Amino acid sequence: MFCSRCGALVIPTRSSSGETVFKCAACGQSQSSKTGEDYTIEHKISHSDRDMTVVLESLNELDQLPTAKVGCPKCGHSQASYWQSQVQADDEAPTLFYRCRRCGLTFREHA
Ligand SMILES: [Zn+2]
Ligand SMILES: [Zn+2]
């Protein structure tokens with residue numbers, strides 16, 4: 001983006017009304033620019049999208065687990081998310097793991 005009056009490089013600045021205004025450092029000429037606004041908005045969205053994705057991923061992980069009626073050995077809560085162990089020997093029954101919905105304690109199935 002270059003100044004329309006003198007051709008020097010202009011710098012995007014925030015005006016008091018919140019608009020992005022391009023101001024020439026050489027001659028002081030200022031001009032509103034559609035390009036400048038697009039740049040600012042695009043930058044903001046890509047940043048918050050990344051934050052949102054991280055939050056949603058961790059929430060989905062817990063929500064996708066089924067819930068069982070199991071007493072938590074720590075706090076006594078009776079609702080726990082559970083999943084099967086990914087690593088197991090062929091001759092062994094799959095181990096169930098539970099995560100207490102209240103205190104977050106992870107514990108194994110009672111043998
Ligand atoms: Zn200028
Ligand atoms: Zn608990």
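Student: In this protein, what percentage of the 111 residues is made up of buried residues?

Tutor: The model is a predicted one, and a residue is counted as buried if 20 or more other C-beta atoms lie within 10 Å of its own. By that criterion, the share of the 111 residues in the protein that is buried comes to 7%.

Student: In what order do the elements of the protein run from the N terminus on?

Tutor: The protein has one helix and seven strands, so the order has to place a single α among the β elements, with helices and strands taken as DSSP runs numbered from the N terminus. Read from the N terminus on, that order is β-β-β-α-β-β-β-β.

Student: Is Arg108, in strand 7, buried or exposed?

Tutor: Arg108 belongs to strand 7, which covers residues 106-108. Since a residue with 12 or fewer other C-beta atoms within 10 Å is classed as exposed, the count for Arg108, which is 10, makes this residue exposed.

Student: Which residue is the bridge partner of Arg108 in strand 6?

Tutor: Strand 6 and strand 7 run antiparallel and are joined by three bridges. Leaving aside residues up to four places away in sequence, Arg108 touches Thr95 and Phe97. Of these two, the bridge partner of Arg108 is Phe97.

Student: Which residue of strand 5 stands opposite Phe97?

Tutor: Strand 5 (residues 79-84) and strand 6 (residues 96-100) run antiparallel, with five bridges joining them. Within this pairing, the residue that stands opposite Phe97 is Trp83.

Methods: Residues are numbered from 1 along each chain as its sequence is written. Chains are lettered from A and ligands numbered from 1 in the order in which they are written. This is a predicted model: local features need pLDDT of at least 70, side-chain atom pairs count only at pLDDT 80 or more; totals for chains, interfaces and linings use all residues. Helices (H or I, at least four residues) and strands (E, at least two) are DSSP runs, numbered from the N terminus. Two residues are in contact if their C-beta atoms, placed from the backbone, lie within 7 Å. Two strands pair if DSSP finds at least two bridges between them.
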